[in-house]
Amino acid sequence: MKSSPQSPVPLKADSIVYGADYNPEQWPEGTVERDIELMKAAGVNLVTVGVFSWALLEPEPGRYEFGWLRDVMDKMYEAGIGVDLATGTASPPPWLGSLYPETLPINVHGEHLSWGSRQQYNPSSQLFRDKVAALVKAMAAAFGDHPGLKMWHVSNEYGCHIDESFDHESVERFRAWLGERYGSLDALNQAWGTAFWSQRMTSWDQVLPPVVTPTIPNQHQQVDWRIFWSENILDLFLIEKEALRTANPDIPITTNFMDLWDSLDYWRWAEHMDVISNDSYPDPANPRAAREYALHCDLMRSFGGGRPFIQMEQTPSAVQWRRRNPVKRPGQYGLWSMQAVARGANGIMNFQWRQSLAGAETFHGAMVPHGGTETRTWREVTQLGEALSAIEPPEEGAAQADVVLLWDWESAWNQQYACGPVDERVPENELRAWHASLFERHQVVDFAHPESDLTSYRVIIVPALFRLTPAAVARLLEAVAGGASVIVTYQTGYVGPDGHAIEGGYLGNLASLLGVRVQGLYPVSVEPTVLGFGEDLDHDVDHISSSIHTPAASNDVVLRAVDGASFSGKGADWGEVLAVDPDAGVEVIAEFAADDLAGLPVVTVRRGSGAGEAWYVATRLDSAGRAAVLDQVLGVAPAVPRGVDITERGQYIFLLNHGDHEAIVEGDHHVAPRSCRVLLAEG
Ligand code: GLA
Ligand code: GLA
């Protein structure tokens, strides 16, 4: 397993942790005792307490009431159930916003967002930061040495509802941050390209957040706003972390991530986590949910540099926030949980323990549902507890990954905020597509930041890395020189480190490695702009227009293998005009077969540019096309019964049958539909 730039403390536990968010404040006295009995029956050994308890912990300014929490912690301890103690700062009490309106966030339209829901805080407010620090210090002093305390859970899902605020303090912090980043207003003007549209700023008070403008806003400003916010919210986390660390350096600290969350650069955040933890709610109505869950797990393991993580939240049954909320099918709760363990989780937690009777999440599933213990949910909850108790948590997150996918939030933001060439999240979609292909062929995959050490991977996939930095190019050159194969896909290297377009052919300095440059773009699957009635063209009467062919509006990009090469598959959405360096020894594998790009290369490989290979793919390949490329780079995928994923981790082999039929794996291992069998690697 590769080490990424961060080095969190490994998660130490002698068994897989199992449990949920536990909100005893929602329940009458006596419930805790009953809950503890049920927790023991379910094999629960860790509960996250206090996530939304600020209003109870500090009922009025400066008066802390911790007695109820101590009572819960004592009882859990006596029962042998550990506590992941949340700091309660994710939902400030109404008195805070009422007394101090500056602690409330302001949206882009200048409106205060009020209490009555949750996360109504302005991360930049100094007063908010002070109140948070005071509460957390008091909690750390009160509970830092409690024998039942296993972990600190800072706040909750940072950035989920509030990832920006347009208040005065935020603007001041943004300006100070820009001042440090660029050194001078001249440099900022240069970076934001303000020579365009007469945007040149002549004093710092003209520097604004991306407020409402008459038309297309400045994308460099928007990207900086996003980077700033990821760091600004991280500062808020670090205030809490420092207070907790000072009180007891031995207790690991986490905050729960949310998969590939759009607005936080988790690579930067991960460096500060002792334990990586994640919340994941794939849609059971989607057959791609298992691969989505796998992606989340691979990502979390990678954030921790290969160390185990905690699946901090999921639901045993259904969520309540989709339009219709499908229930996990029989077995799926246990199966997906085991999938997480197979991919590096040493903890399986849920939102939440007992299903609420009131409030926004009344109809969100829980380990103890409204229906009580005579339910399928409860049966599956206890079955999983038993299955997890049989697993000794391996120290490493997963078997050695051969393949790595590169992901960079700054690059994605540059693509997202650029006006054109296409208004879609291409990097994220492309990343998911390649991960899906690797999942389907049973390949263990890591993720890495493009500027991290890549030398220990056999295959590096670079999906639509829109913004290319010299450091990333150097890493790729180094890896290929060491024997790796790299697959770079379309929409890579359109802009450089500052987000300004690359001249002389996209791909910039990566062109020397690949032997190709991108000279032009060719979007397809375009919905044409139709003015007037969109009536069909009639061959007999529309004498001119019916004879005009518009390949941009067709959905497929037809491809063909070049003589002697093996390739099948289609393209979609995008094409690029590639210029091949005639001296680079580039082999064209497939070419466009029709329309304006007919005969131009689309899949190329350059072998012998180092010890490894450098592939380029100039369209969005469909799954068959991706499989064809991966077959050549990785060899043919192992034959495994349909529906089954086999993952090795530590001493275990997990046979995960996602399919609807019993599978027989390697001769004699019968795996029921939607279930997991765990084998010992030796046996
Ligand atoms: C209008 C404006 C130009 C430019 C183009 C882009 O015509 O006048 O400045 O923005 O749109 O299509
Ligand atoms: C998030 C939150 C939880 C809960 C769940 C519901 O993960 O952290 O508090 O709201 O969503 O799915």
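This note comments on a three-stranded sheet and on the surroundings of ligand 2 in a predicted model.

1. The sheet. Strands β22, β23 and β26 form an open sheet in that order, and their pairing is antiparallel. Because β22 (644-649) and β26 (675-680) each have a single partner strand, they stand at the edges, and one side of each lacks a neighbour in the sheet. On average, neighbouring strands of the sheet are turned by 20 degrees against each other, direction ignored.

2. Pairing of β23 with β26. Six bridges join β23 (residues 652-657) to β26 in the antiparallel sense. Y652 has L680, in β26, as its bridge partner. In general, the strands of a sheet pair through backbone hydrogen bonds, either parallel or antiparallel.

3. The helix across the sheet. Helix α11, comprising residues 332-342, lies across β22, β23 and β26. Its direction makes an angle of about 145 degrees with β23.

4. Surroundings of ligand 2. The residues around ligand 2 are F52, R118, N156, E157, D279, Y281, E313, W321, F351, E361 and H364.

5. Polar contacts of ligand 2. An N or O atom in the side chain of E313 is 2.2 Å from an oxygen atom of ligand 2. For the side chain of E361, the corresponding distance from an N or O atom to an oxygen atom of ligand 2 is 2.3 Å. H364 places a polar side-chain atom 2.7 Å from an oxygen atom of the ligand. Of the 300 Å² of accessible area that ligand 2 has on its own, the protein covers 96%.

Notes. Residues numbered from 1 in each chain as written. Chains lettered and ligands numbered in written order. Predicted model: local features only at pLDDT ≥ 70, side-chain atom pairs only at ≥ 80, totals over all residues. Heavy atoms only, no water. Pairing = 2+ DSSP bridges. Helix = DSSP H or I, 4+ residues; strand = E, 2+ residues; numbered from the N terminus. Axes fitted to C-alpha atoms, helices over the stretch in contact; angles between N-to-C directions. Contact = heavy atoms within 4.5 Å. Near = heavy atom within 4 Å. Polar contact = N/O pair within 3.5 Å; in protein donor to acceptor, adjacent residues only side chain to side chain. Areas by Shrake-Rupley, 256 points an atom, 1.4 Å probe, with all protein chains shown as cover.
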